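Work through the exercises below with the sequence and coordinates open. Each task is followed by a stepwise solution.

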Amino acid sequence: MPATDLLTDKAIQATFKAVTAAGKARKLSDGAGLVLDVRPTGSGWWRLRFWRDGKEGMLSLGTYPDVTLKAARRKRDEARAAWANGEDLSERRKAEKAERARKRQAEDLEAAGLPGPGTFEFVAREWLENKHRPAVSEGHAKTTQTRLEKMVFPWLGRRPIGEIEPPELLACLRKIEARGALETTHRVKDACSQVFRFGVSIGVCARNPAADLREALKPVPVRHFAAVVDPDGTKKLLRDIAGYRGNPVTCAALQLSALLLLRPGELRRMEWGWVDFGTSTLTVPSEMMKRRRYEKEHGPDHIVPLAPQAVAILKELHPLTEHSRYVFPSLLTREKPMSDNTVRSALRRLGYGNDEMTAHGFRAMARTLIAEELEVAPEVIEAQLAHQVSDPLGRAYNRTQYLAQRREMMTKWADYLDQLQCTTEGS
């Protein structure tokens with residue numbers, strides 16, 4: 001057994017005087033790892049040296065004279081007994097420190113009128129910041145945050161997340177459902193479900209009560225963008241577009257909506273810098289695509305092969321809008337793209353109601369007719385539509401695949417539309 005209790009109060013006091021006079025710190029050992037670090041300032045630190053798994057460690061036992069020699073020895077003996085029982089005092093100290101910090105934080109938040117740790121709002125905001133926002137676009141994250149702040153936090157925000165039961169969450173969701181906002185109700189439920197799952201992962205709740213509400217809410221009616229998807233209707237639409245007497249930039253946007261298979265937002269924000277007349281391609285930057293944030297930042301650009309008809313329209317349009325970075329600039333300022341309502345309004349002027357044809361409907365029209373009339377392989381169509389598809393090799397998107405097939409498809413599609421538009425009645 002190592003020698004212990006080597007120090008006396010008298011010896012400690014004498015050492016302090018000597019250290020103060022010399023201005024140089026000194027260590028005193030009381031045995032069994034207990035050391036007093038004597039400082040010239042007149043105070044000292046009790047430290048306990050120990051070894052675990054062959055490595056030396058140091059545990060602080062407090063300051064002298066606040067912690068007396070007798071108290072320091074008691075702490076040493078308690079620590080050694082704990083180690084003998086396999087307890088990790090360093091980890092216990094960290095846990096105790098974290099708990100004290102948590103309590104102080106809770107007290108500070110309560111004093112400021114804010115929800116404390118462990119409440120639904122506190123956990124939800126942690127999920128928003130650390131999990132949701134890094135994974136989605138900023139607009140998506142903001143929408144989710146606003147929904148939670150307005151539709152959930154007022155009723156469940158201050159509740160301990162581990163005490164919330166399915167009926168309580170359902171009552172909150174019923175308030176949204178009662179307004180007829182069925183899709184929003186389900187989106188809020190999904191957001192709450194992710195918050196609860198996050199809570200389970202960090203140990204603040206044991207289960208996800210949102211999972212029990214799968215059949216409790218009214219279903220969202222299936223909605224599809226209105227679209228013309230038959231040859232006869234498409235023929236009439238193309239002829240109506242050809243006869244459009246509005247702004248020539250808007251007319252070009254209508255024509256290219258049918259030819260390029262882009263989403264309306266991608267089309268209206270198209271830039272001349274994306275167009276390569278030499279290779280007859282349009283390259284949509286990854287960050288402009290409909291993707292999750294990581295995919296926007298790290299995914300490939302989307303390549304759109306341009307049929308000769310599309311190239312001709314763009315070349316004719318170029319002298320009109322080359323002064324702007326945008327192919328379709330706003331009618332009010334060349335510094336912004338056209339409004340997201342421009343193509344829709346043009347369709348209304350042509351006599352197509354919201355239940356007949358939409359700007360997004362051009363994609364549905366192309367997907368249907370290319371598959372049914374041109375018999376193109378579905379994976380080629382989906383690649384051109386920039387849809388996320390299953391891939392046996394683990395790729396989330398096939399945008400860089402089938403480029404030769406997509407170029408052939410886009411040309412056949414443009415030729416088909418020309419042929420359809422020129423077909424006489426009864427042919």
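A residue counts as buried under 20% relative accessible area, as exposed over 50%, and as partly exposed in between. The model is predicted.

**Exercise 1. Classify the aromatic pair of phenylalanine 16 and tyrosine 64, and locate both residues.**

Step 1. A search of the whole structure gives five aromatic pairs. In the pair of phenylalanine 16 and tyrosine 64, the ring centres are 5.5 Å apart and the planes make an angle of 15 degrees. Planes under 30 degrees apart count as stacked, and this pair is stacked.

Step 2. Phenylalanine 16 sits in helix α1 (residues 9–22) and tyrosine 64 in strand β4 (residues 55–64), 48 residues apart, so this pair links distant parts of the chain.

Step 3. Both phenylalanine 16 and tyrosine 64 are buried. Together with Trp46, they form one aromatic cluster.

**Exercise 2. Do the same for phenylalanine 120 and phenylalanine 153.**

Step 1. The centres are 6.3 Å apart and the planes 70 degrees, and the pair is edge-to-face.

Step 2. Phenylalanine 120 belongs to helix α4 (residues 120–135) and phenylalanine 153 to helix α6 (residues 153–156), with their positions 33 residues apart in the chain. Both phenylalanine 120 and phenylalanine 153 are buried.

**Exercise 3. Compare the expected and actual span of α4.**

Step 1. The expected span is 1.5 Å times one less than the number of residues. For the 16 residues of α4 this gives 22 Å.

Step 2. The end C-alpha atoms of α4 are 21 Å apart, which agrees.

Step 3. A bend of about 45 degrees is found in α4 at leucine 128. Leu128 is also among the buried residues of α4, which include Trp127 and His132.

**Exercise 4. Which parts of the chain does the salt bridge of arginine 76 and aspartate 5 tie together?**

Step 1. By the salt-bridge rule the count is 22. The side chains of arginine 76 and aspartate 5 meet at 3.0 Å, N to O.

Step 2. Arginine 76 lies in helix α2 (residues 69–84) and aspartate 5 in the segment before α1, so the bridge ties together parts 71 residues apart in sequence.

Step 3. Arginine 76 has 3% relative accessibility and is therefore buried, whereas aspartate 5, at 43%, is partly exposed.

**Exercise 5. Is lysine 189 buried or exposed, and what is its salt-bridge partner?**

Step 1. Lysine 189 pairs with aspartate 190, the closest N and O atoms being 3.5 Å apart.

Step 2. Lysine 189 is buried because its relative accessibility is 11%. Aspartate 190, at 39%, is partly exposed.

How values were computed: Residues numbered from 1 in each chain as written. Predicted model: local features only at pLDDT ≥ 70, side-chain atom pairs only at ≥ 80, totals over all residues. Heavy atoms only, no water. Phe/Tyr/Trp six-rings, centres within 6.5 Å; stacked < 30°, edge-to-face > 60°. Helix = DSSP H or I, 4+ residues; strand = E, 2+ residues; numbered from the N terminus. Buried < 20%, exposed > 50% of the residue type's maximum accessible area, 1.4 Å probe, protein only. Bend = angle between axes of the 7 residues up to and from the residue. Salt bridge = Lys/Arg side-chain N within 4 Å of Asp/Glu carboxyl O.
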